[in-house]
Amino acid sequence: MDPENDNRTAVVETEEVIAPGHTYASVSDRVTDMVLTWPIGIRWAAGLALALGLLFVLNLALGVVFTIGVGVWGINIPVGWGFAITNFVWWIGIGHAGTLISAFLLLMRQQWRTSINRFAEAMTIFAVACAGMFPLAHMGRPWLFYWLLPYPDTMGTWPQFRSPLVWDVFAVSTYLTVSLVFWYTGLLPDLATLRDRAKSRAVKIIYGFASLGWRGSASHWSRYEVASLLLAGLSTPLVVSVHTVVSFDFTIAIIPGWHSTIFPPYFVAGAIYSGFAMVLTLAIPLRKYYHLEDFVTMKHLDFMGKVMLATGLVVAYSYVMEAFMAFYSGNQYERYMMLNRMTGPYAVTFWTLIFCNLVGPQVLWIRKFRQSPWLLFGVSLVVQTGMWLERFVIIITGLHRDFIPSSWGMFYPTRWDYMTFLGTLGLFFTLFYLFIRVMPMIAIHELRDLVHKKQHEAKAESH
Amino acid sequence: MAQILYGLMAEFETPEQVLEAAERARDEGYRRMDAYTPFPVEGLAEAVGFYRTRLSAIVLCGGLTGCCTGFLLCWWPNVIGYPLNIGGKPYNSWPAFIPITFELTILFSALSAVIGMIALNGLPMPYHPVFNAPRFDLASRDRFFLCIEARDPKFSLTETRDFLGGLDPVEVSEVEC
Amino acid sequence: MTDSKGNNLNLVQLGPQADSARDRFWRSLDERAGNEAYQKSLAQEFPAGRSLKNPAGLNRRDLLKLMGASAGLAGLTACTKLPPEKIVPYVRQPEEFVPGIPLFYATAMPFGGVGRGLLVESHLGRPTKVEGNPGHPGSLGGADVFGQASVLTLYDPDRSQVPYHLGHVSAWEEFIADFGNALVNERATGGAGLRILTGTITSPTLADQMKSVLSRFPSARWHQYEPCGRHNAREGARLAFGQYVNTVYRFDKADVILSLDSDVFFAEPGSLRYARDFANHRRVSGPDSSMSRLYAIESTPSITGSQADHRIPLRSSDIEAVARSVAAGLGLQAGNAAPLPKEVSADVVAAIVRDLQSHKGSSLVVVGEQQPAAVHALAHAMNHALGNTGQTVIFTEPLEASATDEIKSLKDLVSDMDSGHVHTLLILGSNPAYNAPADVPFVAALNKVDFRVHLGLYSDETADLCHWHIPEAHYLESWGDVRNYDGSVSIVQPLIAPLYGGKTLLEVLALVQGQASVSPHDMVRGYWQQQSGGRSAQPAGASFESFWETSLNNGWLEGTAPPAKQVTPSADTAAKSSAQDVQGLEVVLRPDPSVWDGSLANNAWLMELPRPFSKLTWDNTLLVSPATAARLGLQREDVVKLQIEGREVEAPVMVLPGQAANSLTLHLGYGRTRAGGVGNGVGANAYPIRTSDAPWIATGVTASKTGGKHHLVTTQNHHLIDQKSTKVEEESENAFDRGLVRVGTLADYKQRPDFAQDPPEESTEAPSMYFPYHYTQANSWGMSIDLNSCIGCNACIVACYAENNISVVGKDEVDNGRDMQWIRVDTYFRGDLDNPEAYHELMLCQHCENAPCEYVCPVGATVHSPEGLNLMVYNRCVGTRYCSNNCPYKVRRFNFKLYSDWDTPSLFPLRNPDVTVRSRGVMEKCTYCVQRIMEAKIAADRDETVIADGQIQTACQQTCPTEAIVFGNLNDPESKVSKRKAQTRDYGLLRDLNVRPRTTYLARLRNPNPEIKG
Amino acid sequence: MPQVFHRSMNTISRVSLVGAVLLIGGLGYLGWAFNQSPYYTNAKLQLEQPVPFSHKHHTMDDGIDCRYCHTSVEKSSFAGIPPTETCMTCHSQIWTNASMLEPVRASYATGQSLEWARVNALPDFVYFNHSIHVKKGIGCTTCHGQLGEMPITWKENTLYMRWCIDCHKHPEQYVRRREDVFKAVYHPPANQVEMGRQLVREYKIRTFTNCETCHR
């Protein structure tokens, strides 16, 4: 079946987590065909080309940053951190949804995770990859990044383990590794399916190696399930810890607007918020383009909408508390920071973020909206903008007017700031476009399992 | 043909069938057998005689190792290796060492979980006799297989074939080594 | 990262004889003179890519080039091997040289003709750092921005390096020949066509030479013109006493001071000494201390005015009226007193008069050069009436070798030139083509002179119009002598052989007398030897040899200070008044606090120096008071056209609190066209509206907006909340809310000595989760800054530039908020916008014991030493900038690009070999001059001695004219710094953050006159 | 038939997995080895010099004291490289026409300095002070090797910071009596550590490992 000229009419939307009438064979074939038999569509190619274009922009920007120095960005004293760290936090945050869906919902035995977890995890990995770039790129002497790693060097020195930046190194690299292995574990049986379904020998060999010779033996499956559960159990605290550690970058500092104990939960909630937004941003076009309405159903969209609403409210609460504490604490620096944030030179960005993260998403209270894909898509974009602005506001308004008024300054981004940010979008989407062509974007064996369970339930009802 | 026989492979259409078949085979006294399914079937492992895995223990050890590594990694350079006065904080400012300790705990346990699983499953094993079964590619799609291996003491080509045939499989085929 | 230490292994290259060095330059020049490109670059005198304005070379090609270099350095710190190095020892090593140990020589810097006593640090024959000479009466160890920055001028790559003849490279020998021919006719006519133009000359030896020149050429003339000299002061003295005298103030005896438009702590030849005496006399050690009282009436905020207990902003041309009514109050026949301007009430005047009268003999009236001669005379009369003469005011013979009315002198010269009488003109060390008054058509007349010779440090505007340009020897390259503010004589001794074969005035004058090869050293020494025969220029008995040695050692000649002179002002002095127009707008021209009369315009340190109050860099502006700006509808950065009698100049507006209404201030010294790569085209040239009869104050001005804008760059933002409102700007409001500046009156202080203390809950003893680190070492360093003494003169900033190899970043990068100064002078205003109190607060690394910057650094590049220093390890820094973010004082500076100049060879010897030169991507900050601390510690350890209190001085402390900064050992209760910190005025900034700063401040005290309200 | 691979592939794949792990380890080791290698550190490397000066000959055979040429070693951070005239004090008398000394005579005649290739170079951000080390009983050979046995001078140690720190942490293992400091060949006594401890007390040696000791 070719997505480009598809003559099916009237998509049947379903309230189930999977459309009725699917068998083990149908789900297996449907997903594997997308990888093995469907031709490369024009729109896919165009999308990839666009992403590659942005990727080139990234190379250019980083090239300039590395040859001339971070001075090409708008950063200065007092605003030592600008877009780079904003992007870092934003991307890391986006990553969180993937792990949460695959790990947390697995522990919760949620069936609706099944058809979205695979590409959500992929999203996580690519997002973390993008994020990981920034701490490196924003260094004044990036060629010395390895001094942040603990190894016996010729100087007898070590990283400074009290620094949140070193914690970041450990947290992010751990997060990336665990996400990767978790993702790969999930892929093993599906790679076997691809191996067995592939026509050409070359493809068989590739997937054959990748699947390590998985053969679905009963004992393997039982170990496999134990491993998956353990990984899920480990990833859940990990994902919480990662954004907590990221929030330490700010809370450990003494800067008004940074030095706050509310940040860890607030950052984690924000991360999930933006993460689910990104999942929707990816899922909605995907299901339309690849006609996955049978698997990514209204129920999925509805649930994800609810999750966004919930986390959005946590974030809203955090904003309110932050403002309240600033005044209630009686700390004049905090109070000035908050006033300046609301009325100062960066007030516009602040109020925009309030609209994007607090006001806009309230439409999700209405079921009808939660179930209209394109409106959901719109909201997801708004939320992501809002979450990016949130980090921007925290970093910039915290720094640009701190304790000593004589050192107050402003931050004006340069074209290199923008190019670096757009560039990472290119990296992200390039990886994602490639992923959906070579990997099953839905966990096939879990779909089969789901079909099995559904049949059971059907039987149970018929009795 | 002079190929050595690995075992007899019966193909079923539903998980219930293969589960029942496995239990029956067990009652028959077969021990060396294994079932191959496109998704985990509850109880099947026990049915083919696989009870518990040591994976959890491995992960626990991995986690503890990671925990110690993490803390020592922070503690040693700061207290023994190259103590420096950082912002007036004590050399052993253990609260600052917790994040890394935690992360390494997770990292080590996660890796030991995956590597342990793969190793215990004897992977990678790109070649395996069962792949010689003609329709085995369906094992990763929608069919369920039970294979009684030739090394089982009770195995005999004819009787076992009859026994399997009695479980109304789609077909029973010989699997060469 | 690399530093200039590599060079100090090149032992031969820059010895005092430095022959090989000189050879190298000549040779390279000869080679380059050949190629055409170099000829062109000579034509515009500053080869491209050498511009200091953007050391990082902000145009892309330069950038990439530089980045190539930085990539190399990058590698150097990463995993490539060290490049092979050469060691080049001497062939014959001067015995006084010990490689690695600097030598100090006393010398003096002639500035506006008057000497400033200096002590210069020299590494293997390379002068690297200028300090004040503690033994020198005019310095007492302090140095000002001009002295500190002079060492950069020495190495300025834009200095002229070869003689030019008609714009082409030539040679000294050729000049000798050519000049010889020119002199032939002059000899015939007894020098009728020979004229010599210099700046103000106080040097006895030079005067002696000049005398013999004039005796050889009887009809030749010697003219002097100093654009920012002390013209009015001189004429005022003649008005009062009928003769020229030099006035010396004794601030150590002055209890009540009335300053009329005077910046006596900055702009006078004796400023350093005056500032020190003033500070000492006001130094408060406890509630029982006393303070002098300073009244300042001035048209624009000056650092002197910022010290005033009562400051009245007033148009310069109104000040005479006030002065006269004060004089009348003192019972003088003060002539036709114009009515008091509305800004000044009669009661205030009365109060001032009473205060002065109750301090007869211990009061002092000082007048600024900007005021007309009549006001100077009036001041003499007042001081006389108050019996201050001989007490707080001392008169001596004039400093000038031949004091004259310089403006008249220049006019005469020009008219002679115009009428074609002048055939040979020697312009020695001055630049009249740029700085002559607008109504003196110097340039036009110059073309009528047949043979024009210019001697100067730079091939400047004047050189361009002369047949010959001869590179002048920098004072650090010259032998000579010069008089100090009090008339005593200092010896100028060279620290290094002329880098570019520059010549001194002495040599040129010798040449005029036909002596081609006579060394200036012999001239100076010879002159004093002959003097010592006659005048008692030496203690009896001592041989001249020893006298000379000690003099060189001390930096000045014992017994040359002229005795006090008894003069009394003529009876009608007070009556003489200047016919000043007091209507409408006035424009006051002033020498610039950084580039002075423009001669320092190519000094990048001074250009980037934030000007006092405005914190402006890389520009000069029209300073306008908020009220006037509101009335004329002017905003900051509006370009305004000033028109006076057909003359006009365009300059951007800066609205400055404290500026007098209807008075506009414009600083001289900008708009240079041939200053060099740094100074060219910076700012607006004010000389075109400067006239010979009103050199400082121009009235009857019309100011009109051109509609244009000019971007001004300041290092500290002052967001005026509302020009019309009476609120000072936002930054200052917060500064006071946050207790950053703590001020009280002397009276309050006696009531509540602890008014500046933090409430206990905000003390540094705030509870902490961790046990504090115990600083048990023998030494534990700390600093105390007395806000009561700091006058905000910026000297510390320039001293820090020189000591710590700090790079200049250029206007654009300062605009990006990336200036690199380690120490800054923050200025905050209090009170209403028209006449706020201005407070200076030095801000540098506070060396917090619980340093927030340290625990966030991922690589431990900034850590604490057991002696309490907050260390910055450049070579370990990876540049995350987290430390700067977390620094509550924002005193850290980051190399966002490659700011250090790795390209300009002539700048390498300037660098302090004991301090690493920072590369791109590295954080830097004040280190309490750790290199000096370590030097002393190692020496003490090696020689088994202990470090005495005051033995280690930070660069900022050493240069501070008022001793506002004290550094020392906190573990020694007897040390100066411990004693200061024990005072109740001691407070630390942001102590409530529990960062425990090691740098603390002594609260500012004011001593207002209780009789004056508000 | 779904069989894709030959049975040998099992062994191959497992071996290659183990191989990959070993390879990574091996690369790590290689990196470390390179870092220590003379090629990288210049240690034990004999450089091209204008004159093949032999410390062995001058210190042992002629018995010239280090300080005769390195005059400022006891008072300055920089030990001092002898000016040509120092060489000529002797070599105007002996070996007056040895061809090997031609460059020295030429330098003395022309006033052009000899350009020695630097053997012991530190990065420019490191501030080492000879005088204090000598004073505290750290001998020349401790860092520069047994100069008395060097016909051509080479760099004995890596001069890595780790190497410096080692001594700064445990001076007792390296300190010697002051009178032995300038011995061109020195072998620590058997009771080094015990003597070292005693000398550390006697010479008031403190163990500085704070950054400002060397980086300013």
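These are my notebook entries on chain contacts, salt bridges, one strand and one glycine in a predicted model.

**Entry 1: chain A against chain C**

I started with the contact between chain A and chain C. I counted 60 residues from chain A and 64 residues from chain C in the contact. The buried area came to about 4,900 Å². Carbon and sulfur atoms give 56% of that area. I then asked which three residues of chain A supply more of the area buried against chain C than any other three. They are A:Ile68, A:Ile77 and A:Arg141, with 16% of what chain A buries there.

Next I looked at the polar side of this interface. I found 38 residue pairs in polar contact between chain A and chain C, both partners at pLDDT 80 or more. I listed the elements that give two or more residues to the side of chain A that touches chain C. They are α2 (42–68), α5 (164–197), α7 (218–251), α10 (332–343) and α14 (415–438) of chain A. The most comes from α2(A), which gives four residues. By class, I sorted that side of chain A into 38 nonpolar, 15 polar and seven charged residues.

How many salt bridges are there between chain A and chain C? The count is two. I noted one of them, between C:Glu730 and A:Arg401. Their closest N and O atoms are 3.4 Å apart.

**Entry 2: chain B against chain D**

I ran the same kind of lookup on chain B and chain D. The contact takes 17 residues from chain B and 15 residues from chain D. The two chains bury about 1,400 Å² between them. Carbon and sulfur atoms account for 57% of this. On the chain B side, I found that B:Tyr82, B:Pro126 and B:Tyr127 lose the most area to chain D. Together they make up 45% of what that side buries.

I searched this interface for salt bridges and got zero. Polar contacts were there: I found ten residue pairs, both partners at pLDDT 80 or more. The side of chain B that touches chain D has twelve nonpolar, four polar and one charged residues.

**Entry 3: salt bridges in the whole structure**

I then widened the search to all chains. It returned 80 salt bridges. I opened several of them and checked the burial of the partners.

In chain A, I looked at A:Arg391 and A:Glu390. Their side chains meet in a salt bridge at 3.6 Å, N to O. Are these two residues buried or exposed? A:Arg391 has 1% relative accessibility, so I logged A:Arg391 as buried. A:Glu390 has 2% relative accessibility, so I logged A:Glu390 as buried too.

In chain B, I looked at B:Arg143 and B:Glu11. Their side chains form a salt bridge at 2.9 Å, N to O. This pair links distant parts of the chain, 132 residues apart. I placed B:Arg143 in the loop between α4 (98–120) and β3 (144–149) of chain B. I placed B:Glu11 in strand β1 (residues 5–12) of chain B. Both B:Arg143 and B:Glu11 are buried.

I followed these two residues further and found them in a network of salt bridges. From chain A, the network takes in A:Asp29, A:Asp33 and A:Arg197. From chain B, it takes in B:Glu11, B:Glu13, B:Arg135, B:Arg141, B:Asp142 and B:Arg143.

In chain C, I checked C:Asp318 and C:Arg315. They form a salt bridge, with the closest N and O atoms 3.1 Å apart. I found C:Asp318 and C:Arg315 both buried.

**Entry 4: strand β13 of chain C**

Why do I call strand β13 (residues 363–367) of chain C largely enclosed by the rest of the structure? Because five of its five residues are buried. I checked the two faces of β13(C) as well. On one side I found C:Ser363, C:Val365 and C:Val367 buried. On the other side I found C:Leu364 and C:Val366 buried.

I then looked for a pairing partner. Strand β10 (residues 256–260) of chain C pairs with β13(C) in the parallel sense, over five bridges. In the register, C:Val256 stands opposite C:Ser363.

**Entry 5: one glycine in chain A**

Last, I looked up A:Gly233. I located A:Gly233 in helix α7 of chain A. Its relative accessibility is 32%, so I logged A:Gly233 as partly exposed. I also took the C-alpha distance from A:Gly233 to A:Leu106. The two are 127 residues apart in sequence and 9.1 Å apart in space.

Definitions and conventions
Residues numbered from 1 in each chain as written. Chains lettered and ligands numbered in written order. Predicted model: local features only at pLDDT ≥ 70, side-chain atom pairs only at ≥ 80, totals over all residues. Heavy atoms only, no water. Contact = heavy atoms within 4.5 Å. Buried area = accessible area lost by both parts, 1.4 Å probe. Salt bridge = Lys/Arg side-chain N within 4 Å of Asp/Glu carboxyl O. Polar contact = N/O pair within 3.5 Å; in protein donor to acceptor, adjacent residues only side chain to side chain. Nonpolar A, V, L, I, M, F, W, Y, C, P; charged D, E, K, R; others polar. Buried < 20%, exposed > 50% of the residue type's maximum accessible area, 1.4 Å probe, protein only. Pairing = 2+ DSSP bridges.
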